[in-house]
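This report describes the fold of one protein chain, moving from its sheets to its cores and its overall dimensions. The sequence and the structure are shown first.

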Amino acid sequence: MRLGVLDVGSNTVHLLVVDAHHGARPLPAHSHKAELRLAQLLDADGAIGERGVTALVATLRAALQAAEDKGVEELLPFATSAVRDAVNADEVLRRVREETGVRLDVLSGPEEARLTFLAARRWCGWSAGRLLLLDIGGGSLEIAYGLDEEPDAAVSLPLGAGRLTHARVPGDPPAPGDVRELRKYVRASIARVVGEFSRFGPPDRVVATSKTFRRLARVGGAARSSEGLYVTRELKRRSLEEWVPRLAAMTAAERAELPGIPEDRADQLLAGAIVAEGAFDLFDIERAEICPWALREGVILRRLDRLDRAEGGRGTVTDAIVTTWTPRG
């Protein structure tokens with residue numbers, strides 16, 4: 001079947017269309033993205049204002065048209081931290097439902113971490129052993145650890161690259177004092193959860209997902225995306241320690257001249273690097289492998305698993321449907 005995953009993130013609304021086959025990996029068929037930066041449209045009270053809701057509705061309508069054009073049979077729409085953290089989230093969801101027909105499932109932070117972990121586990125396989133996952137999004141940092149497909153520990157912290165850039169390092173280039181304060185805040189936040197993971201022992205493998213990590217790896221010399229999914233890419237602590245002070249001294253325009261850094265995300269690179277460096281240091285990570293699968297693939301895999309169980313006689317189709325991921329109409 002042809003599935004569409006509609007991801008309302010803190011930076012981007014992304015429709016990913018895949019062809020799903022029993023026993024095979026999901027095959028990407030189409031990608032439709034719109035840069036919304038929803039997290040930056042919050043007002044002083046933490047609500048998504050009228051301008052943000054109107055933009056979200058228009059963006060979702062365009063994504064729905066793209067899904068229809070590409071023959072999507074089932075749509076899995078969800079939202080992450082920008083909507084999750086908005087004080088008027090219920091009102092936003094109501095407006096979206098009434099004006100587009102889409103019922104957005106707002107993932108909790110831990111669920112976001114668990115689904116991303118599932119994707120990383122499937123990509124890496126069982127031979128990876130005990131897996132530690134890191135994911136830096138626009139609004140949050142997800143951390144998960146485990147030996148199986150369901151992690152033993154999964155947390156989400158409000159340390160997304162877009163959120164931190166907007167709230168804590170607005171200058172271009174940022175003031176040195178703001179950079180120091182951001183570093184302190186990030187490390188104190190991560191340090192509070194390290195104990196939840198250290199009791200399980202050191203991981204056998206560390207993986208990092210998300211464009212923030214991929215871009216940091218590219219700046220550090222990793223292969224271009226054009227070289228394909230199956231080229232091994234790594235991000236090393238040594239590279240982060242070298243690049244954080246250099247990025248702090250650059251303007252956004254100067255960062256955009258670095259390899260693999262798009263102009264519209266260059267402003268967020270420093271905050272993402274500070275979060276990555278803090279996580280590597282506090283979890284004593286020397287290197288992490290970049291995993292190309294993340295949250296959207298996790299959502300797809302969870303849906304396919306439930307369909308497989310239903311078709312295998314261990315439940316009904318009705319039991320398998322995730323009712324909060326309701327297709328249009």
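Two strands are taken to pair if DSSP finds at least two bridges between them. The model described here is predicted.

## The six-stranded sheet

By that criterion, six strands form an open sheet with mixed pairing, and their order is 8-7-6-9-11-10. Strand 8 (153-157) and strand 10 are the edges of this sheet, and each has a single partner strand, so one side of each is left without a neighbour in the sheet. From one strand to the next, the twist averages 20 degrees.

Strand 11 illustrates the mixed character of the pairing. Strand 9 (residues 205-209) and strand 11 (residues 287-290) run parallel and are joined by two bridges, with Val-207 standing opposite Glu-289. Strand 10 (residues 234-236), by contrast, runs antiparallel to strand 11 and is joined to it by three bridges; here Leu-235 has Ala-288 as its bridge partner, while Lys-236 stands opposite Arg-287. In general, the strands of a sheet pair through backbone hydrogen bonds, either parallel or antiparallel.

## The five-stranded sheet

Another open sheet, with five strands in the order 3-2-1-4-5, also has mixed pairing. Its edge strands are strand 3 (27-35) and strand 5 (105-106), each of which pairs on one side only. Helix 1 (residues 50-69) packs on this sheet, where it touches strand 1, strand 2, strand 3 and strand 4 (74-79), and the direction of the helix makes about 15 degrees with that of strand 2.

Within the sheet, strand 1 (residues 2-8) and strand 2 (residues 12-19) run antiparallel and are joined by seven bridges. One of the paired positions is Val-8, whose bridge partner in strand 2 is Val-13.

## Nonpolar cores

The largest nonpolar core has 50 residues, and those with the most contacts inside it are Ile-143, Ile-190, Phe-197, Phe-213 and Leu-247. Helix 10 (residues 269-282) gives the most to this core, contributing nine residues. A second, separate core consists of 30 residues, including Val-17, Ala-86, Ala-89 and Val-92. Nonpolar side chains tend to be buried together in soluble globular proteins.

What does Leu-247 touch, if residues up to four places away in sequence are not counted? The contacts of Leu-247 are then with Leu-216, Arg-255, Leu-258, Leu-269, Leu-270 and Ala-273. Of these, Leu-269, Leu-270 and Ala-273 fall within the span of helix 10, residues 269-282. Helix 10 also lies across strand 6 (131-136), strand 7 (141-146), strand 10 and strand 11, and runs at about 160 degrees to strand 6.

## Overall dimensions

The protein contains 12 helices and 11 strands. Its radius of gyration is 19 Å, close to the 20 Å that the globule rule gives for 329 residues, so the protein is as compact as a globular protein of that length. Taken along the principal axes, the box filled by the C-alpha atoms is roughly 55 × 50 × 35 Å.

Of the 329 residues, 54% count as buried. The accessible surface of the protein comes to about 14500 Å², and 48% of that surface belongs to carbon and sulfur atoms. Among the contacts with a separation of 6 or more, 68% are accounted for by residues 24 or more positions apart.

Note on methods. Residues are numbered from 1 along each chain as its sequence is written. This is a predicted model: local features need pLDDT of at least 70, side-chain atom pairs count only at pLDDT 80 or more; totals for chains, interfaces and linings use all residues. Side-chain values use heavy atoms; hydrogens and water are left out. Helices (H or I, at least four residues) and strands (E, at least two) are DSSP runs, numbered from the N terminus. Contact means heavy atoms within 4.5 Å. Axes are lines fitted to C-alpha atoms, for helices over the stretch in contact, and angles run from 0 to 180 degrees between N-to-C directions. A nonpolar core is a set of buried Ala, Val, Leu, Ile, Met, Phe, Trp, Tyr and Cys residues joined through side-chain atoms within 4.5 Å. Buried means under 20% relative accessible area, exposed over 50%, partly exposed in between (1.4 Å probe, protein chains only). The radius of gyration is taken over C-alpha atoms; the globule rule is 2.2 Å times the number of residues to the power 0.38. Accessible areas come from the Shrake-Rupley method with a 1.4 Å probe; for residues, only the protein chains shown count as cover.
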